[in-house]
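The paragraphs below go through the ligands and pockets of one model. Please keep the sequence and the structure open while reading.

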Amino acid sequence: MNNTNTFIDLIIKFGGSAITDKNTFETIKKEELLIAANCIRSCREAGLSCIVVHGAGSFGHHQAKRYQVNDGFVTATTKDELDFKRQGFCLTRQSVTKLNQLVVNCLIDVGVPAVACSPGSSWEVDKKLPVRWPDEIIAGLVEKGFVPVLHGDCCVDKTLGCCILSGDTIIKSLCNAFTTRRVVFLADVAGIYNRPPDQPGAQLLKSILVNSDGLIQESVCTSQSCNDVTGGIQLKLKTAIDIVVQSKGRCPVFVTSIKSPDMNEVCLGKDSINHWNATSITMHS
Ligand SMILES: Nc1ncnc2c1ncn2[C@@H]1O[C@H](COP(=O)(O)OP(=O)(O)OP(=O)(O)O)[C@@H](O)[C@H]1O
Ligand SMILES: C=C(C)CCOP(=O)(O)O
């Protein structure tokens, strides 16, 4: 799948940690969501083409964990276990699409022509990796001036029966298909730290340089919320590195806080990287 004639200025993830309270069931952070929506409006006013992907946060992760949706059907051996798993799939989907409605409504309310593109009903997945998805539909929406809004979702998996597809993995597929100018991950922390930010001595890594073989020099220790089923910040860092490598360094990736005063500039790519309170992940020259 490669649609390199489609140029996307910005693919942005509204992290589940940024727009929801991950520890409290189905709880949105309204103010933060509005900040992110206004940022997209500013980007569009500056002429940028954008795709938004949002995480699940406390919508979806709780149900996915309880019903072990990410393990697929292969771990369910009896009819009751299969029924239980299917129910978990449906409830997880309902939850993430509920959040998707809130995100899309907020974007539309601030004047962004946002269109929900839910992966769960259109992406083909095998062993947790996307194998086919409607890239031309998404490209068409962007070309016509819309902002597609995708999200982490549960999907039918060819081998496993079902799985969870993280918004991070979705972003990697989008970057693989489209010529993407920059990717920004909005989180509830300032960026990637050398160790979990709640640990003493944690320092923000302003720059992570990636070698062409995908190795980085910085050592990064991570932790993950007990309600997270998709790999936490570790998956984000891996995704960021993969995007930099697969684009041969042409697509820089940034991780920043949804509350950072620099967020708009990070997204617009205006100021010098060094001044931002953010992490840039770029190719080692
Ligand atoms: N070394 C680290 N650097 C930065 N954040 C870290 C680190 N280790 C752990 N974290 C935690 O990772 C969290 C952000 O990752 P998370 O996977 O929750 O992001 P998200 O994309 O917003 O969530 P979701 O998967 O729900 O969309 C932060 O709340 C932070 O506390
Ligand atoms: C839990 C579900 C359904 C999706 C997870 O997506 P993510 O929050 O982007 O990792």
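Which residues come nearest to ligand 2? In this predicted model, 13 residues surround ligand 2, and Lys13, Ala56, Ser166, Gly167 and Thr230 come nearest. By class, the shell around ligand 2 consists of three nonpolar, eight polar and two charged residues.

Polar contacts can be followed one at a time. The side chain of Thr230 places an N or O atom 2.6 Å from an oxygen atom of ligand 2. His61 also uses its side chain, with a polar atom 2.9 Å from an oxygen atom of ligand 2. With Ala56 the contact comes from the backbone: a polar backbone atom of Ala56 is 2.9 Å from an oxygen atom of ligand 2. On its own, ligand 2 has 320 Å² of accessible area, and the protein covers 97% of it.

The other ligand can be read in the same order. Around ligand 1 there are 25 residues, of which Gly16, Ser17, Lys22, Asp188 and Lys236 come nearest. The shell around ligand 1 divides by class into nine nonpolar, ten polar and six charged residues.

Which atoms of Gly16, Gly57 and Asp188 take part in polar contacts with ligand 1? For Gly57, a polar backbone atom is 3.1 Å from an oxygen atom of ligand 1. Gly16 likewise contributes from the backbone, where an N or O atom lies 2.7 Å from an oxygen atom of ligand 1. Asp188 contributes from its side chain, with a polar atom 2.7 Å from an oxygen atom of ligand 1. Taken alone, ligand 1 exposes 640 Å², and 90% of that is buried by the protein.

Where does ligand 1 sit? The space taken by ligand 1 is the largest pocket. Two elements, H1 and H7, each give two or more residues to the shell around ligand 1. Of these, H7 supplies the largest share of that shell, with three residues. Ligand 2 sits in the largest pocket too.

Next comes the pocket itself. The largest pocket holds about 800 Å³ of space. Its lining is made of 50 residues, and those nearest its centre are Ser17, Lys22, Asp228, Gly232 and Ile233. Many elements give two or more residues to this lining, among them helix H1 (16-19), helix H3 (61-66), helix H4 (79-109), helix H6 (167-177) and helix H7 (232-246). Strands that do so include strand E8 (153-157), strand E9 (161-165) and strand E11 (183-187). The element that gives the most to the lining is H7, with four residues. By class, the lining of the largest pocket has 19 nonpolar, 20 polar and eleven charged residues.

What is found in the second largest pocket? About 390 Å³ of space lies there. The second largest pocket is lined by 22 residues, and Lys128, Leu129, Pro130, Thr169 and Lys172 are the closest to its centre. Strand E6 (129-132), E9, H6 and H7 are the elements that give two or more residues to this lining. The lining of the second largest pocket divides into nine nonpolar, eight polar and five charged residues.

Some elements can now be placed in more than one setting. H7 gives two or more residues to the lining of the largest pocket, to the lining of the second largest pocket and to the shell around ligand 1. E9 and H6 give two or more residues to the lining of the largest pocket and to that of the second largest pocket.

Conventions
Residues numbered from 1 in each chain as written. Chains lettered and ligands numbered in written order. Predicted model: local features only at pLDDT ≥ 70, side-chain atom pairs only at ≥ 80, totals over all residues. Heavy atoms only, no water. Near = heavy atom within 4 Å. Polar contact = N/O pair within 3.5 Å; in protein donor to acceptor, adjacent residues only side chain to side chain. Areas by Shrake-Rupley, 256 points an atom, 1.4 Å probe, with all protein chains shown as cover. 1 Å grid on protein atoms, 1.4 Å probe; cavity = no way out; pocket = protein on both sides within 12 Å on 5 of 7 lines; lining within 4 Å. Sits in = over half its atoms within 2 Å of the grid points. Nonpolar A, V, L, I, M, F, W, Y, C, P; charged D, E, K, R; others polar. Points joined across faces, edges and corners; volume = space filled by probe spheres on them.
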